[in-house]
Amino acid sequence: MQSSYGTTTQAPLPAPQEINSYAFEFSATGSEYFRIWIVNVLLILLTFGLYAPWAKVRKLKYFYSNTRVDGHAFDFHGNPWKILRGMVIVAVFLIAYSQAAEFAPIAGAIALLALLVLAPILFRSAMQFRLANSSWRGMRFRFMDKNSKEPFWCIVPALMLILLPGTVLAFFGDPDKDSLSVGQTAMTAVATVVGVFTLVWLVLMPYFFWRIKRYQHNHYAWGPLQSQYRSGVADTYKVVGVTALVALGIAVVFGGLALALVPAAILGNRSGFAGPAATIALFPLLLAFVVCINIAPRAFFKARMQNLLWSRTGNNYFRFKSDVRPRHYMLLQFKNYFLIMFTLGLYWPFAVVATQRMLLEAMSLKTRVDLGALSDSAREHENDAAGDMAADFFGLDVGM
Amino acid sequence: MNSRTPAQLHQPPQPPQPLALRYFDGRSSQSRAVQVVIAQQAIHVHSALDASVLHTEPLKGIVWPERTRRGARMVQLASGGQLHADDAAAYDAWAAHQLPQPESWVVRVQQSWPGVAAALAVLVVALLAAYQWGLPVAARGITALVPLSVDEALGRNAMQQIDGRWMRPSKLPVETQTRLRERFAQAMKKAYPQDVPKYQLEFRKSTIGPNAFALPGGTMVLTDELVDLVKDDEVIVGVLGHEIGHVTLRHSMRQVVQLSVLQGVMSVAFGDYGSLITTVPLILGGTAYSRQAEREADANAIAFLNANQISPLVMVKFFTAMAQEQKTKNQTTPLGISIISTHPGDEERIAQFRAAAQAGR
């Protein structure tokens with residue numbers, strides 16, 4: 001029997017009460033994370049990377065235990081040995097994958113096929129691992145998908161769109177024969193195919209992104225509460241479109257400035273006056289453009305997307321609200337980049353904490369149930385399962 | 001006299017002392033106020049209301065929270081339950097005396113500024129050492145594991161690209177080509193008497209001026225302009241002795257491995273911020289390793305010339321001719337720009353060959 005609050009095997013929820021709103025609180029500090037990070041990086045280096053899972057657990061525990069809702073902190077339960085095992089498996093697979101094509105084309109094809117099949121399975125198990133190992137108020141989260149086909153539908157076509165152009169190139173673009181006279185028509189045909197694929201990829205990318213996010217946000221659960229993602233694909237296209245406009249705006253502004261400066265540089269050189277200054281100004285302009293185009297659109301997208309994703313996540317009993325100001329977030333990222341650059345990387349942990357603070361403190365949880373009186377009756381039936389809502393906040397890929 | 005400081009001294013478990021915590025059983029979000037006591041290698045959770053025993057489990061398997069400034073203290077029980085502390089300071093004081101094992105030294109370092117300063121100093125030294133020695137040695141090891149066919153595939157690819165952009169078929173007379181090929185084959189036999197490495201010598205007319213380069217897998221290219229410029233077969237043998245050094249030492253592959261490792265480390269350390277920020281260290285690292293590779297190839301050229309009883313001074317001739325060519329043209333070619341940064345200075349290299357000539361006399 002499907003009950004009205006999402007999951008099937010849970011005891012009924014307590015009667016709804018009035019709506020309570022809880023802001024997310026974040027108490028991590030840059031200086032403390034700096035200390036944790038320095039020691040982590042040193043130990044990773046000295047152990048040739050083997051310490052990485054322990055570093056990851058320390059980092060996650062630090063961020064989780066400093067994130068509170070209604071006065072209760074999150075906790076991370078991941079076992080470093082299990083994470084190490086996952087890392088080794090993935091590393092072995094990736095090395096085998098990259099080497100397979102060297103032995104025989106057929107081995108390369110098999111490896112490609114294996115990647116297509118394994119990627120969605122790895123993605124799902126990573127989600128399950130991360131969520132099952134996160135808890136709040138003493139209860140683990142759970143990722144509510146065991147064996148649906150949805151991750152395949154999200155990931156395989158997207159991966160194929162990424163990998164096919166390269167495969168086509170490798171197939172046609174590598175004639176061992178006379179290297180000086182590769183058929184021009186063949187190259188043009190290959191270039192056209194690759195171009196078409198890239199275009200199709202650009203157009204469809206937001207669709208697959210939306211499907212992956214919908215898959216994730218439809219399957220988070222905590223106790224009897226399971227989240228739903230209530231946003232159509234059009235919303236995602238809108239965010240992508242506005243982000244593209246931001247990038248375009250930057251290009252137009254810098255293009256205009258350059259156009260104003262280039263004639264001045266040329267004219268100035270001829271008259272021997274004001275020219276050198278304009279020429280010198282062009283280089284910083286180019287640098288500023290590269291910096292802006294790398295930071296602003298990405299930051300804008302991140303802020304708007306988090307707002308969309310979390311403000312549309314919930315069900316009839318609870319709802320999130322995310323209100324990150326894109327402009328503030330973009331300015332913060334500019335500040336982070338410059339300070340990281342000028343401190344030779346030492347500002348990095350401060351930047352991470354400042355970013356998480358802005359993202360987390362923009363979040364709140366509204367609920368009509370008493371969060372302190374829920375029980376997870378499903379846990380008695382399944383030993384290893386849970387879901388998490390914090391996984392995404394920490395900006396990490398899911399817990400491999 | 002006891003030489004141990006109080007901090008090192010592992011305090012014997014003091015008489016069991018209760019601590020007020022909140023207990024979650026793992027199946028419900030409802031907590032219960034409890035008093036927790038550690039005794040006989042087990043944790044005992046008593047209800048704060050009626051002192052009844054709610055839970056007992058052995059200490060083995062419990063994950064204790066680590067000390068942070070404002071982070072919550074949450075004990076993860078092996079049974080799936082949790083104990084949360086409302087008062088972090090009280091928990092820390094209790095844990096310091098009641099837990100059988102001392103706090104992890106990692107946490108002690110992380111929570112002390114002198115410890116962190118020492119870690120930072122060691123980190124800087126370790127990074128410099130890894131950059132200077134560790135990575136090149138590791139890259140040599142990894143490169144040895146990569147089959148030569150990968151080098152050959154890379155080289156074929158690069159040759160195609162270069163041919164499309166900068167090279168035209170050679171206009172050198174066939175006799176000249178044959179003569180140089182035979183001269184070099186002879187020199188190779190002398191330099192590598194046991195086993196001549198696989199190579200292929202190509203001639204091309206270039207749009208980038210006099211140049212010679214080696215591609216991974218053994219293809220070496222001489223431009224017509226270089227042959228016309230030096231007009232001396234012994235100089236060409238020297239130049240090719242340098243290039244064959246790049247081939248046998250697999251410098252291109254090593255560079256690929258080194259840069260990928262460097263990029264990997266950067267992205268691990270800096271995560272999202274990696275893409276833009278790591279470009280500068282990558283370029284700097286790339287050119288530093290490239291200069292090192294040129295020095296190794298120069299050393300190979302010296303050994304190569306010595307094996308052929310040719311004075312290393314022929315390379316000085318080559319550098320002088322190249323310098324003059326650049327001066328008359330008064331322009332830098334596309335590859336000429338890269339020579340500035342990817343190669344050691346001409347003076348240093350000339351001095352090297354002069355010294356070798358002196359030593360060989």
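Visitor: What does a bend at a residue mean here?

Guide: The bend is the angle between two fitted axes. One axis takes the seven residues ending at that residue, the other the seven starting there. In this predicted model, helix 4 of chain A bends by about 30 degrees at Leu118(A). A proline, Pro120(A), follows within four residues.

Visitor: How do you know what span to expect for helix 4 of chain A?

Guide: The helix covers residues 105-132, which is 28 residues. At 1.5 Å a residue, 40 Å is expected. From first C-alpha to last, helix 4 of chain A reaches 40 Å, close to that value.

Visitor: Why is Ile162(A) called partly exposed?

Guide: Buried means under 20% relative accessible area, and exposed means over 50%. Ile162(A) has 46% relative accessibility, so Ile162(A) counts as partly exposed. The residue sits in helix 5 of chain A, residues 150-172.

Visitor: What makes the contact between Arg58(A) and Glu66(B) a salt bridge?

Guide: The cut-off is 4 Å, from a side-chain nitrogen of Lys or Arg to a carboxyl oxygen of Asp or Glu. Arg58(A) and Glu66(B) come to 2.7 Å, N to O, so the pair qualifies. Across the interface of chain A and chain B, the rule finds 1 salt bridge.

Visitor: How is the size of an interface often given?

Guide: It is often given as the accessible area lost when the parts come together. Chain A and chain B bury about 4900 Å² between them. Of that area, 61% is on carbon and sulfur atoms. The contact takes 66 residues from chain A and 50 residues from chain B.

Visitor: Does the pair Arg349(B) and Glu294(B) count as a salt bridge or not, and why?

Guide: The closest N and O atoms are 3.9 Å apart. The limit is 4 Å, so Arg349(B) and Glu294(B) form a salt bridge. Arg349(B) lies in helix 13 of chain B and Glu294(B) in helix 10 of chain B, so the pair ties together parts 55 residues apart in sequence.

Visitor: Why are Arg349(B) and Glu294(B) classed as they are, buried or exposed?

Guide: Arg349(B) has 7% relative accessibility. Glu294(B) has 7% too. Buried means under 20%, so both count as buried.

Visitor: What makes Lys198(B) exposed, and what is its partner Glu152(B)?

Guide: Lys198(B) has 59% relative accessibility, and exposed means over 50%, so Lys198(B) counts as exposed. Glu152(B) has 25%, between the two cut-offs, so Glu152(B) is partly exposed. Their side chains meet in a salt bridge at 3.0 Å, N to O.

Notes: Residues numbered from 1 in each chain as written. Chains lettered and ligands numbered in written order. Predicted model: local features only at pLDDT ≥ 70, side-chain atom pairs only at ≥ 80, totals over all residues. Heavy atoms only, no water. Helix = DSSP H or I, 4+ residues; strand = E, 2+ residues; numbered from the N terminus. Expected span 1.5 Å × (residues − 1). Buried < 20%, exposed > 50% of the residue type's maximum accessible area, 1.4 Å probe, protein only. Contact = heavy atoms within 4.5 Å. Buried area = accessible area lost by both parts, 1.4 Å probe.
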